[in-house]
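Work through these exercises with the sequence and the model open. Try each task before you read its solution.

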Amino acid sequence: MKKHNFSAGPCILPQEVLKKASEAVVNFNGIDLSLIEISHRSKEFIEVMENARNLVKELLNLPEGYSVLFLQGGASLEFLMAAYNLLKVGGKAGYLDTGTWSSKAIKEAKLLGEVEVFASSKDQSYNYIPKNYTVPTDVDYVHCTSNNTIFGTQLKEFPKTDSLLVCDMSSDIFSRQLDFNKFDLIYAGAQKNMGPAGTTLVVVKDEILGKTGRTIPSMLDYQVHISKDSMFNTPPVFAVYVSMLTLQWLKDLGGISAIEKINQEKATLLYNEIDRNSLFIGFAEKEDRSLMNVTFNLIDEAYKEAFDKLWNDAGISGLKGHRSVGGYRASIYNAMPIESIQVLVDVMQQLEKNYKTKNQKDESISK
Ligand SMILES: *Cc1c(COP(=O)(O)O)cnc(C)c1O
């Protein structure tokens, strides 16, 4: 039986998508060739790219004036590319620091100009989202991270600014409804909620580009990629295809509004158990909790071995917290069925039961 996959990324994809993807690797759409051995300039692949692009526009409900790109280099390269394309020579950018990924974005932007970190939750190991901050007005753009994959916090409100708004949505894009048109640049590594590793989604408002006064290397220039429909060089054909399948799966399910409801139910089920169960404690502040990455700890480390054995035996995989945080992290992305979360909840309840029985025994012995 397939395991209950709580991995943070690369992570779970819909079972039917995996099946279709595996078929395409052998024989793509009955053309007697593999998807990964045909030209990216073939009409078959151009159609895949167009479909993928259109699905993004449709699901995010984007108005005219946005370009959708499938690039390489991960979200990590976008940390640099965003700055290259938007930070003016001699200009300044404002960053909201809510975790490891924000910090990495800040580091890259500093290579190209001045960066003002206008708020940070580093003081409490990033277990909350800063609020009541003042966004600087003398900046070329404001950057934020919508979901902090490692710490399990999520922005419910975005910085209010008249400057350009840039967001790393790697780990929660397509998971909840937002006014995507209030963002000028969105980027997301595919491997958390969209597809396999290997491609990065970039959604950019065309009119904001070409204004920095700097020379941008071709591969880092959004305008170059836009002019070539994401085919300036060979695109990651397999990753784009599987992303397209996943987006189609989401559309068939009813789109973002439908998945958002399911995601809320899933997260509520797990957070309720964390709060109810006497052995566990959540890591993130309640009001800032992520619907995608649920971080929690055992109150008493003495039960670690017993808990780890229980969830392993239940067929659960990928529950270990990020190496920088420890504890546990249940990543419950779009493709995660609620049944798998129920299995985890059952295991948590079982641990509590075992512990209580043991305590009762200990008490009766000491009497
Ligand atoms: C995983 C992740 C990244 C890094 O993505 P890569 O594709 O590995 O470069 C960046 N930001 C966030 C929010 C992430 O979750």
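**Exercise 1.** Is serine 317 buried, exposed or partly exposed?

*Solution.* Start with the ground rules. The model is predicted: local features need pLDDT of at least 70, side-chain atom pairs count only at pLDDT 80 or more, and totals for chains, interfaces and linings use all residues. Residues are numbered from 1 along each chain as its sequence is written, and side-chain values use heavy atoms, with hydrogens and water left out.

Next, the cut-offs. Buried means under 20% relative accessible area, exposed means over 50%, and partly exposed lies in between (1.4 Å probe, protein chains only). Serine 317 has a relative accessible area of 26%, so the residue is partly exposed. Serine 317 sits in strand S13, residues 316-317. Strands (E, at least two residues) and helices (H or I, at least four) are DSSP runs, numbered from the N terminus. Now take a distance: 31 Å separates the C-alpha atoms of serine 317 and proline 235, which are 82 residues apart along the chain.

**Exercise 2.** Place serine 331 and find a polar partner for its side chain.

*Solution.* Serine 331 belongs to strand S14, residues 328-331. Its relative accessible area is 1%, so serine 331 is buried. Its side chain makes a polar contact with the side chain of asparagine 293, at 2.9 Å. A polar contact is a pair of N or O atoms within 3.5 Å; within protein, one must be able to donate a hydrogen and the other to accept it, and residues adjacent in sequence count only if both atoms are side-chain atoms.

**Exercise 3.** Which residues come nearest to the ligand?

*Solution.* The shell has 13 residues, and Ser76, Thr149, Asp168, Gln191 and Lys192 come nearest. A residue counts as near if one of its heavy atoms lies within 4 Å.

Go through the polar atoms:

- A side-chain N or O atom of aspartate 168 is 2.6 Å from a ligand nitrogen.
- A polar side-chain atom of lysine 192 is 2.8 Å from a ligand oxygen.
- A polar backbone atom of alanine 75 is 3.1 Å from a ligand oxygen.

Then check the cover. The ligand alone exposes 390 Å², and the protein buries 88% of that. These areas come from the Shrake-Rupley method with a 1.4 Å probe. Helix H3 gives the largest share of the shell, four residues.

**Exercise 4.** Examine H3: its span, its kink and its cover.

*Solution.* Span first. The expected span is 1.5 Å times one less than the number of residues. For the 13 residues of H3 that gives 18 Å, and the end C-alpha atoms are 18 Å apart, which agrees.

Now the kink. H3 bends by about 25 degrees, centred on leucine 80. The bend is the angle between axes fitted to the seven residues ending at a residue and the seven starting there.

Last, the cover. In H3, 10 of 13 residues are buried; among them are Ala75, Glu78, Phe79 and Leu80.

**Exercise 5.** Find the backbone oddities in three loops.

*Solution.* Begin with the peptide bond from glycine 9 to proline 10: this bond is cis, with omega near -5 degrees. Proline 10 lies in the loop between strand S1 and helix H1.

Turn to phi. Tyrosine 126 has a positive phi, near 60 degrees, and is not a glycine. Tyrosine 126 lies between strands S4 and S5, and is buried at 7% relative accessibility. Phenylalanine 174 also has a positive phi, about 65 degrees. Its loop joins strands S8 and S9. At 0% relative accessibility, phenylalanine 174 is buried.
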